[in-house]
Structure formats: structure tokens, C-alpha cells
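This report walks through one structure from its overall layout to its local details. Please keep the sequence and the model at hand while reading.

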Amino acid sequence: MSKPFNQLLVIFGATGDLVRRKLAPSLLALYRNGSIPEKFEVIGVGRKKMSDDGFRSIIREGLKLNNENSLPDNIAVEDFLSHFSYFSSNMTDSKDFVGLRDLIQKKDRDCEAGGNYIFYLATPSNLYSDITEHLCHAGLCSEEKGFRRFVYEKPFGYDLESFYKLNKSLKKFLKESQIYRIDHYLGKETVQNILVTRFSNGIFEPLWNRNYIHHVEITAAEDVGVENRGGYYDNAGAMRDMVQNHLLQIVGLTSMEPPSSLNADAIRNEILKVLQSLRPISEDEVEKNFLRGQYTSAIINGIKVPGYREEPGVNPESRTETYLAMKFYIDNWRWGGVPFFIRTGKRLPVRVTEIVIHFKSTPHFLFHVDDPGKSFNSMVIRIQPDEGILLKFCIKKPGPGFIVENADMDFHYSELEIERIPLPYERLLADVMKGDSTLFGRSDIIEAAWKFLEPVQNAWKRKTGKIYGYPAGTWGPENADNLIGEGLTWRYPCKNLSKGGKYCEL
Ligand SMILES: NC(=O)c1ccc[n+]([C@@H]2O[C@H](COP(=O)([O-])OP(=O)(O)OC[C@H]3O[C@@H](n4cnc5c(N)ncnc54)[C@H](OP(=O)(O)O)[C@@H]3O)[C@@H](O)[C@H]2O)c1
């Protein structure tokens, strides 16, 4: 594969958690496998005053702590770090951007970047407009000489109104093609595999619709609490943190029509149509279709963990949801009448993300089953961990009579003879460097997601709805099963894709 053009990467918020934990290890992985441009430079921008060497030490530490594989030898890491330099700025003072422009121009000459710049905004999102405006006033946005790409971390807006405001302020200076709204879920190999599973397998295609699918269930569970991000999370909650972006994108990929090609806009047009077809939920219906929870203190593996309201940075009277289960419909020809369920939360028993397609039972089920769930076939697309696909089907239990049991056919990515699955940010950074926006959020898609959730946000603002407590380390409020109804329950996944059950070995 050809290397991207020489270029310069300027990261705002370069001393932060995201850069240390995700971006720097991903850049190193690209560097190791030769996917980075022949000549490149990285300028980190942060508020703290420090030298280039001080910044390199922060990145070096981040690489040591967060690199999934052992680090390459010292010389290779030091060579990688020699491309990093640092610029200190509070990012709100336009005068700083004159100094930054001078540094960019110097580095441009050093690495023969030819005016090709990526600006990666990994600061709190309330700074995105100001930073963009200052960059543009400093003459750094025009693409007359080289490309100028702008990457914005999530959250892209806080609600529909703030989305409009932010989007408008960026569009004043930038073309849509310059804007890369990052959603790292789309960088996951297994999320991209949804498209391949659906559109390359003739056996599934005829079944993928309302005639054969009973319901679709999506789970994104985390076993950790809010860790050191209580301040951020208390203003976000599960809906803004997970549903509005990652999980609605997964809904889009799972339910979209086949795109006319793999072109970025062809795929994004189909995702948009799905989000525009979500059946609007009125404020009065929210309580019935959205169930919120908040984790409470519990003992996990002999250790007492705090409840959400006791976490640092969290308001002791907070009504922010750390768990959300929801039911909704896609009103189009393919999905009319098929309920979709999403469940996401923190401090659940296991970290797992998966999609479960539950197929309808046969028209007249002849056999006895002790659990109605066993009469359905289901297909589990596991995003993480133990990435793979599991197909559950019915068999006769050996012995007298016709007792039906479920059997599994499973594929685990770990069985493939590949060294490693690339990190999501690795794929996304490589795509920005090449100018491929397929896996980035387009403004109309993000708008449709915020629009769908607006009545929910409005209903919750009234502060009257219920928020159920659930002990940390459990699968959330017990009554979440009522949302599915018909005597069915959520699947209770384990770390191992092929196992399942509320009390399985985690
Ligand atoms: N961490 C993640 O896993 C993750 C995942 C998805 C998205 N994100 C998004 O990525 C962005 C960065 O997150 P993070 O976790 O890395 O945050 P963080 O650890 O708090 O770091 C934020 C960075 O922004 C700078 N900064 C903070 N407040 C600033 C201000 N008022 N003015 C100027 N600079 C300021 C900080 O510089 P100083 O330290 O020098 O003050 C630091 O470099 C956020 O938008 C977040 O929502 C993060």
C-alpha cells in the first residue's frame, strides 16, 4: 500500500489521557508497520509549560503503560519520539496562534510537508470553535497549498442545539470535506466486519429483515465505573457517552440497506436513512421505552467499590444515568415492526459489546422447550472481547422424546493466523492521513441522532422520571427485562463469546 503524503500532525490537548492512552500507541503502531508518511512531524499543544523533552517523556510513559505489545527497541521508540515537539498555549488567546503558525511553518520545512496539515482537537469540546477560528485567522485553514484536515473528538455537541451551534461555527471556516468527526467505534475491525458479514454472505442476506428477524439486541457493557472521569461523565451520562454516537452508528451498520459502493458517501447515505427512519419518541413515551439506572456501592471480588454518587467529581445528588436500556423501532420496509433494544452501562459484570440478531421461531413450533428463548435461532456478532460470531440453533437433546436444546457454531478472531487486530485509532488516524472519511461522522448523521434523542433529553430535564439503583457488578435494574416482554430476557454475555448466562464464569 502506498504511504500517505508527508504531513504534519498538530494535536491540541496533547498532554491528556486520550493522547497518552490511545493516540500515541496507535501512531507508534503505524510507525512500526510503515504506514506513516515518509517524513512526518507531530506538534503537541497543551496548557502546561514544558520543553519538547518534557513532552516526549509524557508520551514515552504513555507508550510504556498503554502499548498492547512490548515496545520496539529503545532506538526505534526514541527515533519515533524525535518527531515530537511541544507548544504551550491556553488555546483561547489568538496571539498564541501566531507563534504556533511559525512553529508549524518551520516543521513543515523540516519534513517537507508541502502544507499538508492535520489538526487533531483532543481538548474539552467547548474549545473546538475557538481553536478552529484562531487557526483560520492565522491563515492555517485554506487548502490552497496542501490539505488541511480537522479531527474533532466526541462529544460533538451536548444536545441538538449545541450540535447546531458547533457545526455552524466550524462550517463558517471549513468545508465538510475538511471535517473528521471521530467515533472510535467505527475504527474497530469488528464493527467494520458487520458490513462484510451482512453484504458478503448470501446465506444471511435473504433473512435480514422483518420477515425473519424477531428482535435485535445491542449491548455495550463496561465493568469499570467512571474511574477518574467523574466530572466529564456526570455531564454526559450513558446516553451521550455511548448511545448518541457509538451505538446508533452500530444500529446504522446493522440495519442499513446495501450501499451502492464502498465509497464514503454511499455508506454514510445509507446510515443516514436508517437514523432518519427511527420512529420518533414523544416525551410522554420516554418513561415506557427508556429505563435508567445508577450503580450503587457493592463488594466485588472482596473489594468494596463506591456507588456512582460517591465517585470523585460526581454530584452527590446526581441524576445522571450510568445505565440505560431502551426500546425503539425503525419505520421502513425492511424493519417495520421489529423492536430494537439497546443496553449500556458502567459497573456491569463484564466488559462486552455485541449485537444479537434474534430470528423468529418456526411458524408452528412442534417441540417442548422449558425456556421460550430456546425456540429462536440467534446470531451474536461480538465486537469485543473475544471478537467473533456465534450462531445458535436448535438440536434434539439425545434421549427420550423430543427435547430441544440450543447448540453453537462459533468463529473467534483469535483462531485466525494474524498477529494482532489493529487498534481503532490506528485505522482512523491512517484514514485521516489518506483523506478517507468513510468511518467518520457526517454532520447530517450526527444531527439525525441528536434529533431522535431530543425528546428523551427534554423529558429527563423535567427530573420526574425514575432512575433505578443497581448494585455495582450486576446486570443493571432487574426490571430491564420487562422492556423486552413476551417472557424473553436479554442475553447475559460472558467474556467468552460462546458462553452466556447471568451467573456464568466471567
Ligand atoms: N480519554 C478518552 O478515553 C476519550 C475517549 C473519547 C473521547 N475523548 C475526548 O477527547 C478529548 C480529550 O479527553 P481527555 O480524556 O484526554 O481529557 P484530559 O485528560 O482532561 O486532557 C485534556 C487536554 O486538553 C487540555 N485542556 C483541558 N482544559 C483546557 C482548557 N480549558 N484550555 C486549554 N486546554 C485545556 C489539557 O491540557 P493541560 O493538561 O496542559 O491543561 C489536556 O492536554 C475530550 O473531548 C474527550 O471527550 C476522550
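The text below covers domains, sheets, helix packing, the ligand shell and unusual backbone sites.

**Domains**

The model is predicted. Its chain is divided into two parts: domain 1 spans 7-153, and domain 2 combines 186-421 with 443-484. Taken over C-alpha atoms, the centres of domain 1 and domain 2 are 35 Å apart.

**The six-stranded sheet**

One open sheet has six strands. Their order is β3-β2-β1-β4-β5-β6, and the pairing is parallel. Strands β3 (84-88) and β6 (179-181) stand at the edges. Each has a single partner strand, so one side of each is left without a neighbour in the sheet. From one strand to the next, the twist averages 20 degrees.

Strand β1 (residues 7-12) pairs with strand β4 (residues 117-121) over five bridges, in the parallel sense. Phe12 stands opposite Leu121 of β4. A helix also covers part of this sheet: α2 (residues 52-66) lies across β2 (40-46) and β3. Helix α2 runs at about 115 degrees to β3.

**The nine-stranded sheet**

A further open sheet has nine strands, with mixed pairing. Its order is β16-β15-β14-β13-β7-β12-β11-β8-β17. The edge strands are β16 (404-412) and β17 (467-471), and each of them pairs on one side only. Neighbouring strands here are turned against each other by 20 degrees on average, direction ignored.

Strands β7 (residues 213-221) and β13 (residues 352-359) run antiparallel, joined by eight bridges. Glu217 has Val356 in β13 as its bridge partner. Helix α9 lies across four strands: β7, β11 (323-329), β12 (339-345) and β13. Its direction is about 140 degrees to β12.

**Helix packing**

Which helix packs with α9 at an angle of about 145 degrees? The partner is α13 (residues 443-461), while α9 itself covers residues 237-255. The two axes lie 10 Å apart. The crossing of α9 and α13 is right-handed.

From α9, the contact draws on Met239, Gln244 and Leu248. From α13, Ala449, Trp450, Leu453 and Val456 meet them. By class, the residues of this contact are six nonpolar and one polar, with no charged residue.

**The ligand shell**

The ligand has 19 residues around it. Those that come nearest are Gly13, Gly16, Leu18, Gly46 and Arg47. The shell divides into seven nonpolar, seven polar and five charged residues.

**Unusual backbone sites**

Three loop sites deserve a look. The table lists the backbone angle at each.

| Site | Feature | Angle |
|---|---|---|
| Lys154–Pro155 | cis peptide bond | omega about 5 degrees |
| Gln384–Pro385 | cis peptide bond | omega near -15 degrees |
| Asn301 | positive phi | phi about 50 degrees |

Pro155 sits in the loop between β5 (148-152) and α6 (160-171). Pro385 lies in the loop that links β14 (378-384) to β15 (388-396). Asn301 has its positive phi although it is not a glycine. The place of Asn301 is the loop between β9 (298-300) and β10 (303-305).

How values were computed:
Residues numbered from 1 in each chain as written. Predicted model: local features only at pLDDT ≥ 70, side-chain atom pairs only at ≥ 80, totals over all residues. Axes fitted to C-alpha atoms, helices over the stretch in contact; angles between N-to-C directions. Helix = DSSP H or I, 4+ residues; strand = E, 2+ residues; numbered from the N terminus. Left-handed = near helix turned anticlockwise from the far one by under 90°. Contact = placed C-beta atoms within 7 Å. Nonpolar A, V, L, I, M, F, W, Y, C, P; charged D, E, K, R; others polar. Near = placed C-beta within 6 Å. Domains from an automatic or database assignment. Pairing = 2+ DSSP bridges.
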